Each structure stands twice: as structure tokens, then as C-alpha cells.
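Please open the structure in your viewer and keep the selection panel at hand. The stops below go from one chain to the contact that it makes.

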Amino acid sequence: MDILVSQLMTGLSIASILMLVALGLAIIYGVTGVINLAHGEFVMLGAYAAWALQTQFGMGLIASLLPIFIIMAAVGWLVEVLVISRLYDRLLDTILATWGIGVIAQQAVRLAVGGELRYVQMPESLSKSVTILGATDSAYRLFILLVSLALFGLTWGIYRYTNFGLKLRAITQNRSVASSCGINAGRIYRLTFAYGAGIAGLAGALVSPLKSVSPEMGTGYVVDAFMVVVLGGTQSLMGTLASSGILGELSGYLAFYSNDTIAKALVLLAIVVLIRFRPQGLFTARVRT
Amino acid sequence: MSGKTKTEIAICALVCLAILVVPVFLDDAFLLNKYARYLVLGMLAIALSLSWGYAGILNLGQATTFGLGSYCMAMALKLKTIPVHTGPDGLPDFMVWNNVPELPWFWKPFYSMSFGVAAGIVVPVLFATLLGWFMFRGRVTGVYAAIITLAAMVVVQLVIIDQQAYTGGFNGITDLAQFDVAGFAFDAYGSASYYLVAICLTASLFIALAVTKSKAGLIVQAIRDQEDRVRFFGYDVAFYKMFIFAVSGAIAGLAGMLYTIVMEFASPTFMGVPLSLSVVIWVAVGGRQSLVGAMVGALVVAGMQGALSESETFLDSWTLVMGLLFVLVVLFLPKGIAGALEAIGGRFERKRLATTEQPERKDVESNPRHLESLS
């Protein structure tokens, strides 16, 4: 029983991080169709922002979350204006351009603060462990789980209930009709990209106490996030939630029975097979094209 | 044969000739080895240009076939060192360290060098065909094909790293014998190895060129532009895509073998994400829809990268500049440098035609190639 619960918790913990990282990517891809390979670098920049705010200004991690979101949203906005906005009519090329942006971001960070590993302090109040149904888990991991669910809820709320969300859905359904109804698609895309980048920054800040912060940390995240988005179906937020849960638990269990490497290979293989037979993902929103 | 084809062949021949005469003027073992390495990367770029530029399949895992070729060659070369370097039963050193009792069955055929060379082509081709069959029969296209190739590569790499006892794991296969043909050994730092690579490169370039000019090659380009239309004509679209994927895999496999010969080892990084994405950059910069453009792009970018990363001052900033350059190329030269040159050439051609008032002028204006959209 203990083992079962602790396995479940490990899976949930992996899932919540996957969810955090994938959410921004899913929003951007789902709405604009841009394949953002720089997403991992947005995560990395968020982690560095957390480190900088903590060491230079003495801000606690939780207090720095809002500034990090704003900074990264600004970065995303800038990237959209300078590069992405010119590529909406050739989306496959966004893979290349955003990869170039990722290279620039990595190297800029390396030049600015050096390539060595950095560490971010966990908030004092969350560094204890908690016991649930006989299994112990760190309070910070539970905190991440709650925050990722809250962010998901917020995003879903915006999508579902606000005027902005309504326009967003209209554009996703049919951009040209939405435009002729007076919706400024360019502006909506820009805001979406900024929001996605902001969320990525938050994800980076939140995982920074768990893993060491380095310029290369984004590469691993972007591959994982992609798999979540593809598995979930690209236009479904609920799909992102469910698929990060599935992938998290699956990785947790497989890693328990074999080893991390084989678990990862098996999960990737499962996704390859899934794309082949269900390219629209496990969960699909009904979209007219 | 059209005039355009003739110009293309002439350019390819000139470039290859320039590459082949390098050792006549250069007598520096270290530099020759380095240039041979760049030529191998040029072959890899040709392979990607075939699938991406001509067939419209962005293969983010091109390094898989490259790495498979490299490992086949390394296995054969490793077994040649056995009596000299390793344990009692003729086991490669890393197997001794990992307590493998005897040589695994799939290593045994590599005692024969000809088998190794053949496997270096056949294994990548089989892999590419199988992956192509899996994807294209299911009509997986665009981004999804790119993701599948990427994921498949990561799987292969993870398995190779994990099976340390049979593959050397992270360290790869090191400490290899020299490649030899009928008693003549190819020293990695000699001009013979350079010629070997240069000749293979020339052959690959012209084979690839012939493929793109063949009927199958034309159908593949038609598929890139309008897949459904070609399908409605009754062509087996998946078959032609598999074919081009297999040719691309064969060239990449050959490049991988040569890379092992000039580098003198095989490593899991040869089938990694960074290499795969670098190839994409080279091809994009050079021009994906021009084989020789993609190849020259690889030589120039990889060469500059190598030269600047060796100088202390540019070590860090170079990567930044390269990223920037790449973004600019994607934004403003979607067909790469070769595409830009061709567009300039086309403008002169039109002017010339306009002044002589030839009736073909209309054809040039409405040539769909100028209007073709990106897939």
C-alpha cells in the first residue's frame, strides 16, 4: 500500500512538472500553430530569473513569481514581434527560427552569467516533508502540483469565460472569418505568445529549486513538453492535463520496474506509435478547418 | 537535357574538382583530417537535402542513419584490433570490463570487413525504409513526421547508451584499427583518407543528382508541392517517399562509416539531437532545394564553426552569432543562399529574354517554381 501510494505520488510529481512546462507550449501551438523549439529556453530563462532575483535582490521564490511572469511575457512578446509574426504563413519554418532563438538565448545566458550550475533556494516554509496515506513526500512537490493545477484552472477559465478567450476560440476555429468579424488576430496571437512564454518562465522558476540551473537545461524539457502536447491533442487543454498525468505516471512506474533510460525509451516509442495511428492525439477538440 | 540541368552539373563538377585537388596544395596531416571531417558533414547535408528539400520531409533524426553507419564501421574496425589490444578470448575491451562472457552473435559477422562495409549501408537503409513505411503508410506528414523522426532517434540513442556491455555505452567504441583495403591502410591523417572521403562525396552528390532528375525524383518533388494531386493521379505516394528516405539513409550511412574512419571512434553523440539539428541549419543556410548548395552550406558553416571555436576570442560569441545568422536566413532567405543566387540569376535571365522579345517570356513569368509555397 505504501509503495503504491508513493509510486502514485512520484508519478504525480513528474506529471505536475510536465504539465507546467507543457502548458505554455500547448497554448502557443494550439492557438497559433507555431512550433516553439525555444520553449525550453523560456523555461531556462525563467529559472535564471528566479536565481537572479534571489541572489541579487534577495527575493524569495514565491515573491518573485509574478515579476518572473511579467519579464518572460515581455520576452515572449518581443520574440513574437521580431520573428514569429513574420512566419505565420510558413509554420514549418518556425521550428528552425525558434531553434535559432533558443541557441541565442542559451549562449547569451552563458556569456552573461557563465555556464556553471546555479542553485535556487527552496522557500523555507515548504522544505519539510508531508505524510499522505503512509507515504512521505516533500511539501514543495505538493506545492508544485497545486500551482500547476491552479495555473491550468486559470488558463482554462480565461479560455472559456473571458472575452479574450472567446476571440481566441474564434480565431482557432477560422482565422479569416474571425478577422472579418473585426477580431484583431495579430494582437491575439501576440498576447497568446506572451502568455505562453510567461507560463514557461513560471515553470522554470518553480522547478529551479529541484534541479540545478544551467544554460542547457531547456533542451530536455522541450522534448518532454512536445510529447505531452502531441499525446494530448494539440488543440485541447484538457488533453494536455490528461496526457501529462498519463506520461508522468507511466514514466514513474516504468522507471520503478526497469530503469530511467529504458522507461524513457519505452514512453517515446509509445508516443511514436500513437502519432502513427492517431495523429490528432488522444483527446481532441472539435475544430473546423 | 535542359540548360538548367547542364549548369547544375557543371557547378557540381567544379565544386567536386576543387575539393579533389586540395591535397595537391596542402601537405598538413592535421588540416587534411579536419577537412575530411567537414566533407563527411557535407555528405550528411546532401542526404538531408534529398528528404527535406526534394521530398518535403523534415527529418529531424538524420543523425540516426549516420550513427548506425558509424557504429557498423566501428564494430568491424574494433574486431580487427582484438588480438593486440584486449582480453584472452578476443573480446573488445569494454565487454571485458562489463563481464560479457563471449562475443554476442550480432558482433560475430563483423569479423569480415566487407560485411561491416555492407552493413554500414544496409542497416541505415533498412532503418530508414522501416521508419518510412511506418510513417508514410499512415500518411503522417509535416510536423508529425518531424517529431517521429526526432523521437525515434532519441529512442535509438537511449538504447545504445543503455546497452553498455554491447555498445560501449556513453564512451562509444574507441581504440580502433585503421581501415584497410587489400593491405592498403587508410591512415586517418593521410591524404589517402581525404581522397577516399572526397571520392565518396563526389559519388554521393552525382548519385543524388541523378535521383532527383529521374522519374522517381520528379514524382517526389511533385509530392512535395501537391501531395494529394499526385495521389489522385494514381501514384503510390508512400512508396516514393520511402524510396527517397532510403536513398537519403544510404548516403548518411556511408557518411557515418567515413566519419568513423577519419575520427577513429564511434560515439552516441553521432546520433544525437545537436548533430541532427546542426545538419538542418547547414542545409537551410546553403539552400535546401539545391544539393550542391546544401553541401557547400555544410562545408562553410561547419568550417567556420570549427575555425572560430578554436580561436579563444570567438569561442563563446560565435554560437550567438550563428544563432542570429540562422534566424536571419530563415526570415529573409527561405531557400538559403543557393535559392537567393538562383533568384538573382533568374532575374538576369528574364531581363535578357525581355530585351530579345522571345515568346518564352510568358512561361518564365508563370513558372510555378517561383510561386511554390512551403509545405
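Select chain B of this predicted model and draw its surface: the accessible area comes to about 16800 Å², and carbon and sulfur atoms account for 66% of that area. If you then colour chain B by burial, 54% of its 375 residues count as buried, that is, they have under 20% relative accessible area.

Switch next to a cartoon of chain B, in which 18 helices and 2 strands make up the secondary structure. Reduced to its C-alpha trace, chain B spans about 80 × 50 × 40 Å along its principal axes. Its radius of gyration is 22 Å, which agrees with the value near 21 Å that a compact globule of 375 residues would have. If contacts in chain B are displayed between residues at least 6 apart in sequence, 77% of them join residues at least 24 apart.

Now select the charged side chains of chain B, where there are 24 positive and 25 negative charges; the mean positions of these two sets lie 13 Å apart.

Finally, bring chain A into view and select the contact between the two chains, to which chain A gives 37 residues and chain B gives 37 residues. About 3500 Å² is buried between chain A and chain B, with 81% of this area coming from carbon and sulfur atoms. On the chain A side, centre the view on A:Leu92, A:Leu96 and A:Arg276, the residues that lose the most area to chain B; together they make up 19% of what that side buries.

Conventions:
Residues numbered from 1 in each chain as written. Chains lettered and ligands numbered in written order. Predicted model: local features only at pLDDT ≥ 70, side-chain atom pairs only at ≥ 80, totals over all residues. Heavy atoms only, no water. Helix = DSSP H or I, 4+ residues; strand = E, 2+ residues; numbered from the N terminus. Rg over C-alpha atoms; globule rule 2.2 N^0.38 Å. Buried < 20%, exposed > 50% of the residue type's maximum accessible area, 1.4 Å probe, protein only. Contact = heavy atoms within 4.5 Å. Areas by Shrake-Rupley, 256 points an atom, 1.4 Å probe, with all protein chains shown as cover. Lys, Arg positive; Asp, Glu negative; His and termini not counted. Charge placed at Lys NZ, Arg CZ, Asp CG, Glu CD. Buried area = accessible area lost by both parts, 1.4 Å probe.
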